[in-house]
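Ready for a few warm-up exercises on reading a protein structure? Grab a pencil, try each task yourself, and then walk through the solution.

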Amino acid sequence: MPADPLPAAVFTAAACLGWLTLGLAVLQYGLYTGQTVLAFLEMRRNRKEERRGPAGWIIGAKSSPGISLLVPACNEERTIVQNIRSLLTLRYPRYEIIVVNDGSKDGTARAVIEAFKLERVPLRRPHPAPCQPIRGVYRHRDHPNLLFIDKENGGKSDALNAAMNYAGHPLVCGVDADSLLDHNSLLKAARPFVEQPHSLIAVGGTIRIANGCEVHGGMVINESAPRKLLPLFQIVEYLRAFLIARLSLSRMNTVAIISGAFGLFKRSAVLDAGGYTHGTVGEDMELIVKLHRLFQARGADYKILFVPDPVCWTEAPETLAVLRRQRTRWQRGLCEVLWRHRDMLFNPRHGRMGVIGLPLFVLFDLLGPFLDLAGLLLIPLFWICGLLSFKFMAAFFAVVVLYGVFLSMLALVLGELALFRTTRKRDMALLALGAIAENFGYRQLNILWRIEGIWQFLRKQKGWGEMTRTGLGRKQPAGPA
Amino acid sequence: MPAAPPASDAGLLTIIVDACYVLAGAALLIWCGVFLVRIRQLRSAKREAVAEERLTGLVLDQISGYQPTPGIDRFGSLAGWERRLLLRVLRNLIEQTKGRDQSHLIRLLQRTGFQERAFIELARGPAAQRQAAGEILAFFDDAASIAALHAARHDRDRGVRQTALRALLAKDQVSSLRELLEQLDVSPQDPPLSLAEIFSQLPARLHPEAIARLEGGQLPPEWRRMLAIALGRKQVLAAFDALAALRHSPAPRVRAASWVALAELGDPRVGDFVHEGLEDESPDVRQAACHCAGKLGGPSTPPNLARRLDDPDWWVRYQAARALLEFGDAGRQLLEEHSGTASEEDAGWQVLHEPEDRPHAG
């Protein structure tokens, strides 16, 4: 018996759904295009500012603001000493390093105390930012700018709060213990505070991936693109996230995230906002949103900036399992922050942050994965069922893939213009290939991990998950220089 | 099933696909362009390094009078990028020499025509070169250089204007503070910290005007704050009354700056009224006043400071305790009476026990 032809309503419904998916994808990418244009404008403005004069004058200036580096460390026995040594060589006139051992179970505390010959000192400070009890404060008689705080475990935000309570300078800079700062990064990040000391409350810099680079003495001495695919894709992804998304948000004063790995803040502003929030894995975004909320409520003229050039290096996951844990955790953090501050969403009383900044996160990072997944599953399914033409499917994938290539290539261009670092033709070619290849599989995996992160948030899953790192500088680059 | 599914609007779909191809192709082309530009930059960086070395040699030859081919001006036909490099070479040479050697070098550069080149760049070069030329001419003290720097005060680029003004300020060639502030063109609400540096370089001739402006109240609060601290640090004793009057400012930051400046100034008359600052409503002002009281307070000050040991703000208590130690045994005794049996969290206990040399926020 011949099969009954499908009713016309099914075709109409499939067509509507198909066009809706395609239309939303085009809308999403249209917004990305707008962000890219803004990012280019902002980068041009930044470069103009830089041309006015070198940041180096701060070195000799009496009025340069002091910086306290806050370094939370938990089970970092293998890398902490080397990283502190590298922080001690930064180029900035007045800074101190406050390392907080967050109840490590390994020998982190012993390693630091022995390596730097620290002595216990009776130093106590009030705790305007809440934190777990302090077990002891240590320092070296001859190095007053290195302070080591040993405390009960309370998580990263708790350790940052403890360090903040002991900070002696007006600016504080959160730095991950497993990250490396560029030699001049503090100078470059402090420059906007020197130019706009009153209105600026926070500055974020670019996080770059050090996999494949040659690291010596805690410094990246030879930049090189990694030969492994996963870190290569992440380089393109980071450039897109920092140089397109954050740079454009910075232009609109709607920066909602300053990465926990490297961000410079006015200490008084962070304390006014109550310090870092406990019980969230998105403590960096949470703090920025709290700052926006606080200063909006005060009616203050304030700025939170992203400046591309101060660079912090980090090690990217090289296995799918670790990367998946990282991405699901980030997505959970985002969901937690958006949920906590849901009253700000689409609320004009919270200014641009309520109307532009947070809604963009909802669109791109919360709804975006579902939209992408729907398109990836439904459109081929409809084509197989004969509900949509091949041309339609080709159009959809052209939008997804070719537009992805377009954005990634522009991110590379921005990276070259803003950071100016690639010095080998082979690296440039590798990055271009990475920008194309990441659209075939890697981006789709990310969509799944994001949805998994949302699912974990809905199930109220907590915790950071284990992040396995090999340690920067322990490997040599695969190829010759 | 229909021959063509309903959602195959071929025209629109073709446009979408074509647009995507065009965008991706354009991005790839831009990347290729950047790739080529980058390669050129790497080559030019190498070329510049070689040229810089060559120019340094040529400059040293010229000022030492050595001419391998007499009668030929080896700097006459430099390309734009070479002129930029020449300015960098000159600035590096000047900055790397000190004292009498520097004066000698300046005279040689003047005699051998390099100063003239800086004049030409300051008048006609692009902004970065104008600024570099201004920085070089800042080392020359002759009338022509000063005239050129005066002309650069009206440059269209703010960087060049500020370079010229700083140079003229260092040479005591700025006629008035009002003119300086007008030409600096900095924000009244959020001035850069470089303004504090500029205020700290004010020559003595401009101090009376600075004091008058502090007293007159025409300056925005942030400028007053920076000027007050600069005058205090320079120990301009004539500014005492103006700085003391700032303690009545409605802005807490200005009041705090007044006490910081008075402490730096070192005039003991402040001891007569420092107790007013200790009772201020703003904790920042009370902290600054405690610091000032510690440095300059009179015999009646320690009991006032001891009262601050019970201040609601921890940092005021801490600063009061530090200030008490400045009064020697009498102050220490008061502090020990108050905090001798207190816990480690007590600010006084901290001051009695902690190491001295850490920065302290508050």
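## Exercise 1: Two helices side by side

Keep in mind that this is a predicted model.

**Task.** Work out how helix 9 and helix 10 of chain A are oriented to each other.

**Solution.**
- Start by finding the pair: helix 9 covers residues 283-298 of chain A, and helix 10 covers residues 320-340 of chain A.
- Next, take the geometry. The two helices pack at an angle of about 25°, and their axes are 9 Å apart.
- Now use the cut-off: angles under 35 degrees count as roughly parallel.
- So helix 9 of chain A and helix 10 of chain A are roughly parallel to each other.
- One last detail: helix 9 of chain A passes helix 10 of chain A in a right-handed crossing.

## Exercise 2: A bridge across the chain

**Task.** Find out which parts of chain A are linked by the pair Arg240(A) and Glu438(A), and decide whether Glu438(A) is buried or exposed.

**Solution.**
- Here's the idea to begin with: side chains of opposite charge can pair when their charged atoms come close.
- Arg240(A) and Glu438(A) form a salt bridge, with 2.4 Å between the closest N and O atoms.
- This pair links distant parts of the chain: Arg240(A) sits in helix 7 (residues 229-251) of chain A, while Glu438(A) lies in the loop between helix 13 (425-437) and helix 14 (442-458) of chain A, 198 residues apart.
- For the second part, remember that buried means under 20% relative accessible area.
- Glu438(A) has 0% relative accessibility, so Glu438(A) counts as buried.
- Arg240(A), at 19%, counts as buried too.

## Exercise 3: A bridge within one helix

**Task.** Explain why Glu182(B) and Arg178(B) are separated by about one helical turn, and say how accessible Arg178(B) is.

**Solution.**
- Glu182(B) and Arg178(B) form a salt bridge, their closest N and O atoms being 3.0 Å apart.
- Both lie in helix 8 (residues 177-184) of chain B, and because they are four residues apart there, about one helical turn separates them.
- Glu182(B) has a relative accessible area of 53%, so Glu182(B) is exposed.
- Arg178(B), at 44% relative accessibility, counts as partly exposed.

## Exercise 4: A greasy-looking spot

**Task.** Name the residues that form a nonpolar patch on the surface together with Leu17(A).

**Solution.**
- Locate Leu17(A) in helix 1 (residues 8-51) of chain A.
- Check its cover: Leu17(A) is partly exposed, at 35% relative accessible area.
- Its patch partners are Leu20(A), Leu24(A), Leu27(A) and Leu31(A), and together the five have about 400 Å² of accessible area.

Terms used. Residues numbered from 1 in each chain as written. Chains lettered and ligands numbered in written order. Predicted model: local features only at pLDDT ≥ 70, side-chain atom pairs only at ≥ 80, totals over all residues. Heavy atoms only, no water. Patch = residues over 30% accessible without salt bridge, like charges linked within 9 Å, V, L, I, M, F, W, Y side chains within 5 Å. Areas by Shrake-Rupley, 256 points an atom, 1.4 Å probe, with all protein chains shown as cover. Salt bridge = Lys/Arg side-chain N within 4 Å of Asp/Glu carboxyl O. Buried < 20%, exposed > 50% of the residue type's maximum accessible area, 1.4 Å probe, protein only. Axes fitted to C-alpha atoms, helices over the stretch in contact; angles between N-to-C directions. Parallel < 35°, antiparallel > 145°, perpendicular 65-115°, else oblique. Left-handed = near helix turned anticlockwise from the far one by under 90°.
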